[in-house]
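Reader: Could you take me through one part of this model in detail? I would enjoy a careful look at how its interior is put together.

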Amino acid sequence: MKGDMRFTLPLWQMGSIFILLVLTLVIGFSSETTFVTSEDGYYFEMNMGHISGIIFSSALLILVVYIVMMSVNIYRHNKRYPTRKIKTFTFKPQEYIEDDEFFDEITKRATKKVYSYYSFVLPLLVGVALGGMWHRTIILVGILLVALGQYWIYYSTIRKMFKDAGEEE
């Protein structure tokens, strides 16, 4: 299924998670944040050093460009494959590919591995978070790393299954 973005979408999602990881680390460790409430409402204030500000601004710009590129690619995919559209706003994960029995089986195996991963790593993350007085940035980084692992497991599983299916033919 060369050119079908549904198979490379986990890589795109991993890229955005990586950029969010950089932003989370810069905000968490290099800035002073303040939440202020007043009669007019509330606002968020963030102060950071020169280098941190450059890294933050660059990462934010990269994130915006990345999201635009991803949106353009999704638009192109939907134009090219009108029966295999990627919906950007839905509660059903895009990883569920149910075109036929083969894709249904791929989805089933990959999501089964991801579920096994979550059943192990989430209690571990909660235990570590509760066991120590961790900074909230570390907990957020942990959650983003768990999400990165999810997409890697899913992508590597479907890639392996396609490679195995291609060798059999």
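Author: Happily; here is a walk through the nonpolar cores, with a stop at one residue and one hairpin.

A word on the basis: this is a predicted model, where local features need pLDDT of at least 70, side-chain atom pairs count only at pLDDT 80 or more, and totals for chains, interfaces and linings use all residues. Residues are numbered from 1 along each chain as its sequence is written, and side-chain values use heavy atoms, with hydrogens and water left out.

A nonpolar core here is a set of buried Ala, Val, Leu, Ile, Met, Phe, Trp, Tyr and Cys residues joined through side-chain atoms within 4.5 Å, and buried means under 20% relative accessible area, exposed over 50%, partly exposed in between (1.4 Å probe, protein chains only). The largest such core has 13 residues, and Met5, Trp12 and Ile74 are among those with the most contacts inside it. Helices α1 (5-30) and α2 (50-80) each supply at least two of its residues; helices (H or I, at least four residues) and strands (E, at least two) are DSSP runs, numbered from the N terminus. Beyond its neighbours within four places in sequence, Ile74 is in contact (heavy atoms within 4.5 Å) with Met5, Ile86 and Thr88.

A second, separate core has twelve residues, including Tyr117 and Ile153. Tyr117 is also a contact of Gln150, along with Val114 and Tyr118, again leaving aside neighbours within four places. Gln150 lies in helix α4 (residues 136-168) and counts as buried because its relative accessibility is 15%.

Finally, the hairpin: β1 and β2 have two residues between them.

How values were computed
Two strands pair if DSSP finds at least two bridges between them.
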